[in-house]
Structures are given as structure tokens and as C-alpha cells.
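Work through the exercises below with the sequence and the 3D view at hand. Try each task before reading its solution.

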Amino acid sequence: GLWEGICLSTTQDLEYLAGETEGFNLTIIDTLSKATPGVDENSNSEMAEALERAYRLADRWNGFVLIVSHTGKDESKGTRGASALKSNVDTVLRTKRSGKAAFVSIEVDKQKDGPDDLRIDFEMRSHELHNKQTGEITTELVPVPVGVNPSADARIKVALARQPDATHAEVIAAVTDHARRAGNPPVTETAIKTALSRAVHRGDIQKSGGTYSLSTSIL
């Protein structure tokens, strides 16, 4: 077996897997950097070849290959490395979480032959997992989608998880933009102001000077 994961630098692993009778509907390669030793991540030609090998695996098993990669220091520029990383794949999903916040967003950065202006928000909740063989109970964080019509309070917390230390105007703009991008019903400015004030009073949100941030108690 491939105990250290699939290597995309050569065809050796693909040739080995071609002899396996069992295929998988989903294959996760984590991370791209680890799977491409010796490959220049800034070379379009070398990265395009590595991605082509991943496509060959997907075609072989008639499944989906998900490759995990990281952004550079400037997150706004997307995945670090060669531009081929984005241009040579069908789908690019960008995951964002502010520190240890309980809220995570997934944005469609690219979708071949489909809309690429979509965002889905999740709240990370603790969930106990029971191992029936050992009896061991472990706690894992499970992403739970924020409702299709989340409250103003939930929208504010999602916005502050993505943009800490936001001003009053920035909170309103972020919540309004969230509703538009997610296709949710709009929320009035009055409702946002009321929900923000109540959250500060409850201690869910901290106000310092003219900016707002999530309280450490819900991070």
C-alpha cells in the first residue's frame, strides 16, 4: 500500500494503483506540496504534469480527486505557486477560518461551466464519536451548515469570524454582502443594529472603541 500517500511527481504510484482492482469514489491528496517532492511549485509546466497525473487517477477509478493546497502569505492571491494550479482544474474551493473561530466559510473560487460566486458558511460544533470496538469516546469538531435563512445574530457572528475588529459600518456591509452572495433573504439595517447591540449585551461580541469582535467564549 501507499502508506505515505500518493506521489504525483512521477507515474510510479499511478502504475501501482492501476493494478489494484478496488477503486475509490473519492481520493484526497493532502497536501499538494507533500505529493509533489522535487517539483517546482512555481513552474506551470511541472505543476500541469502533476495535475494531469491526478486526472489520470480520477479517470482510472471514475471518481473525484480532491487536492488540498495552501495559500501564500497574501490570501487574496489564492493558492500559492504556479497559475496552472487554478487554470488546470475544474473546481477551486477556498476555505477560510479566522483563528480558532467557530465559523468557517467555503467559497467557490472557480467552477468550470458553472457559477463561481457562491459561499457556504458552517458553524463548527463539538460532537462525540463512539468507537464500538474499543469503547473509546472522542470529541471531534463537525461542520454544521448555517441555515438557509439565518438570523441577523448568526449572520453577524459569521461576518466577524471572517473579519475581526470590524467597525459598525463594516459589520452592516459584511452582513448585507453575505445575504446577497449566499442567496438568503435580505436583512434590514435596523435588524442588524438591534442584533449587534443584544449580542454585545449578552457578551457574545466584544466592543472595543469603535470596532467589534467575537468574544473568546464562542471561539
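The exercises that follow concern a predicted model.

**Exercise 1.** Determine whether T27 is buried or exposed, and state which residues T27 touches.

Solution.
- Step 1: Locate the residue. T27 sits in strand β1, which covers residues 26-30.
- Step 2: Apply the cut-off. Buried means under 20% relative accessible area. T27 has 10% relative accessibility, so T27 counts as buried.
- Step 3: List the contacts. With neighbours within four places in sequence left aside, T27 is in contact with I6, L57, W61, F64, V65 and L66.
- Step 4: Compare the faces of the strand. In a regular strand, side chains alternate between the two faces of the sheet. In β1, T27 and I29 make up the covered face, while L26, I28 and D30 make up the uncovered one.

**Exercise 2.** Find the strand that is joined to β1 and give the direction of the pairing.

Solution.
- Step 1: β1 is joined to strand β2 (residues 64-68) by 5 bridges, and the two run parallel.
- Step 2: As a check in the view, find D30, which stands opposite V68 in β2.

**Exercise 3.** Describe the open sheet of 4 strands and the helix that packs on it.

Solution.
- Step 1: The strand order is β3-β4-β5-β6, with antiparallel pairing.
- Step 2: β3 (91-97) and β6 (137-145) are the edge strands, each pairing on one side only.
- Step 3: From one strand to the next, the twist averages 30°.
- Step 4: The helix is α5 (residues 152-162), which touches β3, β4 (103-111) and β5; the directions of α5 and β4 make about 75°.
- Step 5: Now take one pair within the sheet. Strand β5 (residues 119-130) pairs with β6 over 9 bridges, and H130 has I137 of β6 as its bridge partner.

**Exercise 4.** Which elements give two or more residues to the largest nonpolar core?

Solution.
- Step 1: The core has 21 residues; those touching the most other members are I156, L160, V171, V175, I192 and I205.
- Step 2: The elements giving two or more residues are α5, α6, α7 (189-202) and β9 (211-214).
- Step 3: The largest share, 6 residues, comes from α5.
- Step 4: Follow one member. Beyond four places in sequence, I205 touches residues including I156, L160, L196 and Y212.
- Step 5: A second, separate core has 12 residues, among them L14, A54, L57 and W61.

**Exercise 5.** Is A169 buried or exposed?

Solution.
- Step 1: A169 lies in helix α6 (residues 168-182).
- Step 2: Exposed means over 50%. A169 has 54% relative accessibility and therefore counts as exposed.

Key:
Residues numbered from 1 in each chain as written. Predicted model: local features only at pLDDT ≥ 70, side-chain atom pairs only at ≥ 80, totals over all residues. Heavy atoms only, no water. Buried < 20%, exposed > 50% of the residue type's maximum accessible area, 1.4 Å probe, protein only. Contact = heavy atoms within 4.5 Å. Pairing = 2+ DSSP bridges. Axes fitted to C-alpha atoms, helices over the stretch in contact; angles between N-to-C directions. Core = buried A, V, L, I, M, F, W, Y, C linked by side-chain atoms within 4.5 Å.
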